[in-house]
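Please look at how the ligand is held in this model and at how the aromatic rings of the protein pair with one another.

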Amino acid sequence: MYQDLSSALNARGVTLVAVSKTQPPERLLELYRLGQRHFAENRVQELLEKQTQLPEDIHWHLIGHLQTNKVKFIAPFVHLIHSVDSLRLLVEINKQAALAGRVIDCLLQFHIAQEETKFGLDLPEARLLLQSETYHNLQQVRLCGVMGMASFSEDPRQVQAEFEALRQVFEQLKQEFFATAPHFKEISMGMSGDWEIAVAAGSTMVRIGSLLFGARS
Ligand SMILES: *Cc1c(COP(=O)(O)O)cnc(C)c1O
(Lines give C-alpha, C1' and ligand atoms only; values in the text may rest on other atoms or scores of the structure.)
Protein backbone atom coordinates (compact mmCIF):
# COMPACT_ATOMS: atom_id res chain seq x y z
CA MET A 1 0.00 0.00 0.00
CA TYR A 2 2.58 2.52 1.12
CA GLN A 3 5.01 1.97 -1.74
CA ASP A 4 2.31 2.20 -4.43
CA LEU A 5 0.79 5.35 -3.00
CA SER A 6 4.11 6.97 -2.34
CA SER A 7 5.46 6.30 -5.84
CA ALA A 8 2.21 7.40 -7.51
CA LEU A 9 2.39 10.71 -5.65
CA ASN A 10 6.12 11.07 -6.13
CA ALA A 11 5.72 10.71 -9.88
CA ARG A 12 3.35 13.67 -9.82
CA GLY A 13 5.52 15.79 -7.55
CA VAL A 14 3.00 15.61 -4.70
CA THR A 15 4.27 15.38 -1.12
CA LEU A 16 2.80 12.57 0.94
CA VAL A 17 2.18 13.63 4.53
CA ALA A 18 1.37 10.60 6.70
CA VAL A 19 -1.28 11.56 9.25
CA SER A 20 -0.26 9.54 12.30
CA LYS A 21 -2.72 10.81 14.93
CA THR A 22 -3.77 8.06 17.39
CA GLN A 23 -1.10 5.70 15.99
CA PRO A 24 1.61 4.41 18.32
CA PRO A 25 5.25 5.29 17.51
CA GLU A 26 5.95 1.75 16.23
CA ARG A 27 3.51 2.27 13.38
CA LEU A 28 5.26 5.46 12.35
CA LEU A 29 8.61 3.69 12.48
CA GLU A 30 7.35 1.06 10.06
CA LEU A 31 6.70 3.77 7.48
CA TYR A 32 9.88 5.59 8.41
CA ARG A 33 11.87 2.46 7.55
CA LEU A 34 10.18 2.41 4.15
CA GLY A 35 11.42 5.95 3.58
CA GLN A 36 8.56 8.14 4.82
CA ARG A 37 9.78 11.39 6.40
CA HIS A 38 6.72 13.68 6.55
CA PHE A 39 4.33 12.95 9.43
CA ALA A 40 1.40 15.01 10.71
CA GLU A 41 -0.47 15.26 13.97
CA ASN A 42 -3.50 17.32 14.84
CA ARG A 43 -2.82 17.68 18.57
CA VAL A 44 0.20 19.42 20.07
CA GLN A 45 0.56 17.04 23.01
CA GLU A 46 0.63 13.99 20.78
CA LEU A 47 3.06 15.67 18.40
CA LEU A 48 5.44 16.39 21.27
CA GLU A 49 5.30 12.86 22.62
CA LYS A 50 6.09 11.32 19.26
CA GLN A 51 8.73 13.85 18.34
CA THR A 52 10.80 12.95 21.41
CA GLN A 53 10.54 9.22 20.69
CA LEU A 54 11.19 9.10 16.97
CA PRO A 55 14.16 9.85 14.67
CA GLU A 56 15.32 13.43 14.43
CA ASP A 57 15.14 13.75 10.67
CA ILE A 58 11.35 13.43 10.59
CA HIS A 59 9.56 16.50 9.24
CA TRP A 60 6.67 17.14 11.64
CA HIS A 61 3.53 18.86 10.36
CA LEU A 62 0.76 20.29 12.50
CA ILE A 63 -2.61 20.00 10.76
CA GLY A 64 -5.14 20.59 13.55
CA HIS A 65 -6.40 23.75 15.16
CA LEU A 66 -3.59 25.43 17.08
CA GLN A 67 -4.15 27.46 20.24
CA THR A 68 -1.81 30.39 20.71
CA ASN A 69 -0.70 29.18 24.16
CA LYS A 70 0.63 25.93 22.65
CA VAL A 71 2.75 27.43 19.87
CA LYS A 72 5.81 27.67 22.10
CA PHE A 73 6.02 23.90 22.50
CA ILE A 74 6.34 23.13 18.79
CA ALA A 75 8.21 26.23 17.63
CA PRO A 76 11.69 24.70 18.10
CA PHE A 77 11.14 21.93 15.58
CA VAL A 78 7.87 22.03 13.63
CA HIS A 79 8.37 21.76 9.85
CA LEU A 80 5.08 23.19 8.60
CA ILE A 81 1.94 24.48 10.33
CA HIS A 82 -1.03 23.90 8.00
CA SER A 83 -3.72 25.42 10.18
CA VAL A 84 -3.09 29.17 10.42
CA ASP A 85 -6.46 30.87 10.41
CA SER A 86 -5.87 34.19 12.14
CA LEU A 87 -3.41 37.04 12.27
CA ARG A 88 -3.28 36.65 16.03
CA LEU A 89 -1.99 33.09 15.68
CA LEU A 90 0.54 34.13 13.05
CA VAL A 91 1.85 36.86 15.38
CA GLU A 92 2.34 34.29 18.14
CA ILE A 93 4.09 31.85 15.79
CA ASN A 94 6.36 34.70 14.72
CA LYS A 95 7.17 35.52 18.34
CA GLN A 96 7.97 31.91 19.28
CA ALA A 97 9.94 31.38 16.07
CA ALA A 98 12.10 34.36 16.99
CA LEU A 99 12.71 32.93 20.45
CA ALA A 100 13.68 29.60 18.87
CA GLY A 101 15.91 31.33 16.34
CA ARG A 102 13.97 30.00 13.36
CA VAL A 103 11.72 30.98 10.52
CA ILE A 104 8.58 28.82 10.62
CA ASP A 105 6.77 27.83 7.43
CA CYS A 106 2.98 28.08 7.55
CA LEU A 107 -0.07 27.60 5.38
CA LEU A 108 -3.27 29.60 5.56
CA GLN A 109 -6.24 27.35 6.25
CA PHE A 110 -9.37 28.06 4.23
CA HIS A 111 -12.94 27.04 4.87
CA ILE A 112 -14.05 25.41 1.64
CA ALA A 113 -16.52 22.76 2.84
CA GLN A 114 -20.28 23.09 3.21
CA GLU A 115 -20.17 21.96 6.81
CA GLU A 116 -20.24 24.63 9.47
CA THR A 117 -16.94 25.00 11.31
CA LYS A 118 -15.26 27.71 13.25
CA PHE A 119 -11.95 27.16 11.53
CA GLY A 120 -10.62 28.50 8.27
CA LEU A 121 -10.48 31.81 6.46
CA ASP A 122 -12.32 33.00 3.39
CA LEU A 123 -10.65 35.03 0.66
CA PRO A 124 -11.66 38.51 1.94
CA GLU A 125 -10.36 37.63 5.42
CA ALA A 126 -7.08 36.40 3.98
CA ARG A 127 -6.71 39.61 1.98
CA LEU A 128 -7.21 41.70 5.11
CA LEU A 129 -4.60 39.66 6.93
CA LEU A 130 -2.07 39.93 4.10
CA GLN A 131 -2.64 43.66 3.66
CA SER A 132 -2.17 44.45 7.32
CA GLU A 133 0.84 46.29 8.63
CA THR A 134 1.13 43.76 11.44
CA TYR A 135 1.61 40.97 8.92
CA HIS A 136 4.20 42.94 6.98
CA ASN A 137 6.30 43.33 10.09
CA LEU A 138 6.55 39.58 10.75
CA GLN A 139 10.08 38.41 10.01
CA GLN A 140 10.08 34.89 11.43
CA VAL A 141 7.16 33.28 9.60
CA ARG A 142 6.97 32.37 5.95
CA LEU A 143 3.65 31.68 4.24
CA CYS A 144 4.09 28.81 1.79
CA GLY A 145 0.55 28.28 0.53
CA VAL A 146 -2.94 27.18 1.51
CA MET A 147 -4.73 24.26 3.15
CA GLY A 148 -8.32 23.09 3.10
CA MET A 149 -10.64 20.20 3.79
CA ALA A 150 -13.50 19.25 1.49
CA SER A 151 -16.99 18.29 2.64
CA PHE A 152 -17.60 14.72 3.77
CA SER A 153 -19.74 14.22 0.71
CA GLU A 154 -20.67 11.16 -1.32
CA ASP A 155 -20.79 13.39 -4.37
CA PRO A 156 -17.38 13.59 -6.04
CA ARG A 157 -18.46 16.67 -8.02
CA GLN A 158 -19.07 18.55 -4.80
CA VAL A 159 -15.63 17.59 -3.48
CA GLN A 160 -14.01 18.44 -6.79
CA ALA A 161 -15.69 21.86 -6.86
CA GLU A 162 -14.38 22.63 -3.38
CA PHE A 163 -10.82 21.61 -4.25
CA GLU A 164 -11.00 23.69 -7.44
CA ALA A 165 -12.16 26.62 -5.31
CA LEU A 166 -9.16 26.23 -3.02
CA ARG A 167 -6.82 26.13 -5.99
CA GLN A 168 -8.37 29.34 -7.24
CA VAL A 169 -7.86 30.94 -3.84
CA PHE A 170 -4.22 29.90 -4.05
CA GLU A 171 -3.79 31.32 -7.58
CA GLN A 172 -5.48 34.55 -6.56
CA LEU A 173 -3.29 35.07 -3.50
CA LYS A 174 -0.19 34.12 -5.46
CA GLN A 175 -0.97 36.75 -8.04
CA GLU A 176 -1.94 39.47 -5.56
CA PHE A 177 0.59 38.97 -2.78
CA PHE A 178 3.25 36.38 -3.62
CA ALA A 179 4.03 36.91 -7.31
CA THR A 180 7.74 37.18 -6.56
CA ALA A 181 7.82 34.58 -3.78
CA PRO A 182 8.79 31.14 -5.12
CA HIS A 183 8.19 29.51 -1.72
CA PHE A 184 4.45 30.26 -1.96
CA LYS A 185 3.73 27.03 -3.82
CA GLU A 186 1.83 24.56 -1.63
CA ILE A 187 -1.80 23.52 -1.86
CA SER A 188 -2.42 21.09 1.00
CA MET A 189 -5.60 19.21 0.12
CA GLY A 190 -6.71 15.60 -0.14
CA MET A 191 -7.19 12.90 2.52
CA SER A 192 -7.69 9.13 2.38
CA GLY A 193 -11.10 9.30 0.73
CA ASP A 194 -10.54 12.11 -1.74
CA TRP A 195 -6.83 12.39 -2.52
CA GLU A 196 -7.21 11.44 -6.17
CA ILE A 197 -9.75 14.21 -6.74
CA ALA A 198 -7.45 16.60 -4.89
CA VAL A 199 -4.39 15.70 -6.97
CA ALA A 200 -6.40 16.11 -10.18
CA ALA A 201 -7.42 19.56 -8.92
CA GLY A 202 -3.82 20.63 -8.31
CA SER A 203 -2.88 19.49 -4.82
CA THR A 204 0.84 19.60 -4.04
CA MET A 205 0.55 17.95 -0.61
CA VAL A 206 -1.89 15.26 0.52
CA ARG A 207 -2.58 14.41 4.17
CA ILE A 208 -3.33 10.71 4.42
CA GLY A 209 -4.08 8.76 7.58
CA SER A 210 -6.45 5.79 7.51
CA LEU A 211 -5.45 4.64 4.03
CA LEU A 212 -1.89 4.13 5.30
CA PHE A 213 -2.49 3.04 8.88
CA GLY A 214 -5.96 1.49 8.78
CA ALA A 215 -9.03 2.89 10.50
CA ARG A 216 -8.42 4.88 13.69
CA SER A 217 -9.85 3.48 16.91
C1 LIG B 1 -7.21 13.21 10.30
C2 LIG B 1 -6.92 14.25 9.27
C3 LIG B 1 -6.50 13.89 7.98
C4 LIG B 1 -6.37 12.45 7.49
O5 LIG B 1 -7.61 11.81 7.45
P6 LIG B 1 -7.76 10.36 6.79
O7 LIG B 1 -9.15 10.35 6.28
O8 LIG B 1 -7.50 9.37 7.86
O9 LIG B 1 -6.77 10.24 5.68
C10 LIG B 1 -6.18 14.91 7.10
N11 LIG B 1 -6.27 16.21 7.46
C12 LIG B 1 -6.67 16.59 8.67
C13 LIG B 1 -6.74 18.04 8.99
C14 LIG B 1 -7.00 15.63 9.62
O15 LIG B 1 -7.40 16.02 10.85
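## Ligand contacts and aromatic pairs

A nitrogen atom of the ligand lies 2.9 Å from an N or O atom in the side chain of Arg207, where a polar contact is a pair of N or O atoms within 3.5 Å. This and two further contacts are listed below.

| Ligand atom | Partner | Distance |
|---|---|---|
| nitrogen | Arg207, side-chain N or O atom | 2.9 Å |
| oxygen | Gly209, polar backbone atom | 2.8 Å |
| oxygen | Arg216, side-chain N or O atom | 2.8 Å |

Of the 390 Å² of accessible area that the ligand has on its own, the protein covers 90% (Shrake-Rupley method, 1.4 Å probe). The model is predicted: local features need pLDDT of at least 70 and side-chain atom pairs pLDDT 80 or more, while totals for chains, interfaces and linings use all residues. Residues are numbered from 1 along each chain as its sequence is written, and side-chain values use heavy atoms, with hydrogens and water left out.

The residues around the ligand, with a heavy atom within 4 Å of it, include Val19, Lys21, Ile63, Met149 and Met191. This shell divides into five nonpolar, three polar and three charged residues, with Gly counted as polar and Lys and Arg as charged.

Elsewhere, the structure holds three aromatic pairs (ring centres within 6.5 Å). The rings of Phe170 and Phe184 have centres 5.2 Å apart and planes at 0°, so this pair is stacked, a term for planes under 30 degrees apart. Phe170 belongs to helix 8 (residues 156–177), whereas Phe184, 14 residues away, is in the loop between helix 8 and strand 7 (186–188); helices (H or I, at least four residues) and strands (E, at least two) are DSSP runs, numbered from the N terminus.

Methods
Polar contact = N/O pair within 3.5 Å; in protein donor to acceptor, adjacent residues only side chain to side chain. Phe/Tyr/Trp six-rings, centres within 6.5 Å; stacked < 30°, edge-to-face > 60°.
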